[in-house]
Amino acid sequence: MTAPAIPAPAKGRLGNGQLRRQVAEWLAARPGPHTVGEIAKDLGRSAGAVGNALTTLADRAEASRLAGKPLRYEANSATAAAAAAITPKAPPPPQAPPAAPKSAASPAPPAAPKPAGPPASPAPSAAPKAPAPPAKPGPVTRPGGQVYRPRVLAGMADVEALRTLRAEGVPSLLAGPPGTGKTSLVEAAFPDLITIAGDGDTTVGDFVGEYTQKPDGTYEFIYGPLIRAMQEGRVLFIDDATLISPAVLAVCYPAMDGRREVTVKAHKGETITAAEGFYVVAGHNPGVHGAVLTEALSSRFTFQFEVATDYELARSLGIDSRAITAARNLATRQASGETGWAPQLRELLAFAKIAKIFGLDTALANLAGVAPAEDRDVVADTLAKTFGKTVAPLALGRQI
């Protein structure tokens with residue numbers, strides 16, 4: 001059966017939503033799963049931009065995303081309707097040419113003077129229409145099946161903001177305490193994610209790869225996450241990037257700037273060039289011991305923003321309001337330097353789960369116990385005042 005014809009893709013810079021419409025039309029006209037690169041090549045667009053459009057369509061259930069490597073997409077029953085419903089922003093109308101001067105003719109007689117009187121009130125101008133509020137983004141399912149609820153960033157949903165940054169090639173850095181949702185946001189925005197967890201022992205080989213012995217005794221070079229992300233046009237997430245030695249992290253810099261290439265010295269000096277769609281995003285925990293945001297690192301990540309705990313989200317998830325109040329109190333004291341730790345969303349979710357299993361007293365004792373040793377007294381005291389009961393860090397009792 002011959003696929004239905006679709007309009008030739010527009011060239012040049014596209015209007016808002018136009019690429020997503022093109023991608024939806026392309027999928028609807030070609031049954032079967034297709035890779036991002038295949039669609040991007042046919043449309044003459046970058047793999048990163050096409051990948052963002054496909055991710056948005058899949059998140060809205062307007063296309064189907066198939067698991068596996070590489071990711072593949074195909075049309076579903078909603079794809080054609082979605083393509084028809086997307087109305088791209090029209091370009092501004094061309095300016096009219098200036099009017100030709102009137103030919104010389106007999107001058108018009110002067111207008112008769114108006115009788116004197118009070119000046120006429122100007123006609124009331126029509127009230128400007130308020131812009132329509134942006135559509136509220138729905139929950140996004142992460143690759144592991146967990147649900148992420150987007151928040152506002154730069155006037156749009158945070159997942160859409162990150163996808164836009166990828167399409168434009170602007171590296172981003174997410175800063176915030178552990179447990180605030182940095183990893184959740186990155187996973188929700190990029191299903192094709194490759195992650196490397198940073199610490200003080202991370203080496204250059206952990207990024208680019210190293211030789212590994214095979215069963216027959218010979219050695220082969222296994223590419224690391226940086227090289228795989230570059231070759232496959234995927235997103236590299238460097239978690240806890242500021243715990244990595246600056247000398248090690250520098251291996252990523254040539255891939256992030258205009259060169260977009262890395263020389264793998266350990267593998268015959270091979271040069272790897274990044275495929276379209278390759279993108280780097282990193283996480284930074286300012287309060288963690290040993291985390292250093294160097295000037296060189298900061299300058300590579302043009303777009304930086306803070307990720308804090310969403311206490312309203314915690315409330316909507318049914319977490320005890322007293323625990324949220326205590327967390328807010330501790331966060332305020334942490335900002336003023338009175339304490340070095342405050343519960344984040346991760347700890348609040350754990351508190352709710354433990355309370356459901358063992359009861360409130362055990363959940364409070366555990367929440368006090370997970371605080372760093374130097375902050376436990378302050379945390380226990382704050383919880384005790386908020387809940388009106390004695391709180392001590394969880395510990396074993398007498399023998400049964």
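Is T332 buried or exposed? Keep that residue in mind while the tour begins with the chain as a whole, which is a predicted model.

**The whole chain**

With everything displayed, colour by secondary structure, and the chain shows 16 helices and 16 strands. Of its 400 residues, 38% count as buried, and the accessible surface comes to about 23200 Å², with 57% of that area belonging to carbon and sulfur atoms. If contacts are drawn between residues at least 6 apart in sequence, 64% of them join residues at least 24 apart.

**Helix 13 and helix 16**

Select T332 next, in helix 13 (residues 321-335). T332 is exposed because its relative accessible area is 53%, and exposed means over 50%. Add A342 to the selection: although T332 and A342 are 10 residues apart along the chain, their C-alpha atoms are separated by 8.7 Å.

Now move to T382, which is found in helix 16 (residues 376-387). T382 counts as buried, since its relative accessibility is 4% and the cut-off for buried is under 20%. Leaving aside residues up to four places away in sequence, T382 touches A326, N329, L330 and R333, so showing those side chains together with T382 displays the listed contacts.

**Helix 5 and strand 8**

Select residues 158-168, which form helix 5, and show the side chains of its buried residues, D158, V159, A161, L162, R163, L165 and R166. Charged side chains can be picked out in this set, including D158 and R163. An α-helix has 3.6 residues a turn, so residues three or four places apart point the same way. Helix 5 is followed by G169, whose phi is positive, near 70°.

Continue along the chain to strand 8 (residues 172-175), where S172 and L174 point one way while L173 and A175 point the other way, all of them being buried. In a regular strand the side chains alternate between the two faces of the sheet. To see the neighbours of strand 8, add strand 15 (residues 279-284), with which strand 8 pairs in the parallel sense over 4 bridges; within this pairing, the bridge partner of L173 is A282. Then add strand 16, which also pairs with strand 8 in the parallel sense over 4 bridges, and look for F305 as the bridge partner of L174.

**The second largest pocket**

Strand 16 leads on to the next stop, as residues 303-306 belong to an element that gives two or more residues to the lining of the second largest pocket. This pocket has a volume of about 710 Å³ and is lined by 30 residues, of which T180, G181, K182, S184 and L345 lie nearest its centre. Besides strand 16, the elements giving two or more residues to the lining are strand 5 (147-148), strand 6 (152-153), helix 6 (182-189) and helix 14 (345-358). Helix 6 gives the most, with 4 residues. Colouring the lining by class separates 13 nonpolar, 7 polar and 10 charged residues.

**A three-stranded sheet**

For the last stop, select the open sheet of 3 strands whose order is 1-3-2, with antiparallel pairing. Strand 1 (34-35) and strand 2 (64-66) stand at the edges, each with a single partner strand, so one side of each is left without a neighbour in the sheet. Strand 1 pairs with strand 3 (residues 72-74) in the antiparallel sense over 2 bridges, and selecting T35 together with R72 shows one pair of bridge partners.

Notes
Residues are numbered from 1 along each chain as its sequence is written. This is a predicted model: local features need pLDDT of at least 70, side-chain atom pairs count only at pLDDT 80 or more; totals for chains, interfaces and linings use all residues. Side-chain values use heavy atoms; hydrogens and water are left out. On a 1 Å grid over the protein atoms alone, a cavity is a set of points where a 1.4 Å probe fits but cannot get out, and a pocket is an open set with protein on both sides within 12 Å along at least five of seven lines; lining residues have an atom within 4 Å of a point. Grid points are joined across faces, edges and corners, and a volume is the space filled by probe spheres set on the points. Ala, Val, Leu, Ile, Met, Phe, Trp, Tyr, Cys and Pro count as nonpolar, Asp, Glu, Lys and Arg as charged, and the others, Gly among them, as polar. Buried means under 20% relative accessible area, exposed over 50%, partly exposed in between (1.4 Å probe, protein chains only). Contact means heavy atoms within 4.5 Å. Accessible areas come from the Shrake-Rupley method with a 1.4 Å probe; for residues, only the protein chains shown count as cover. Two strands pair if DSSP finds at least two bridges between them.
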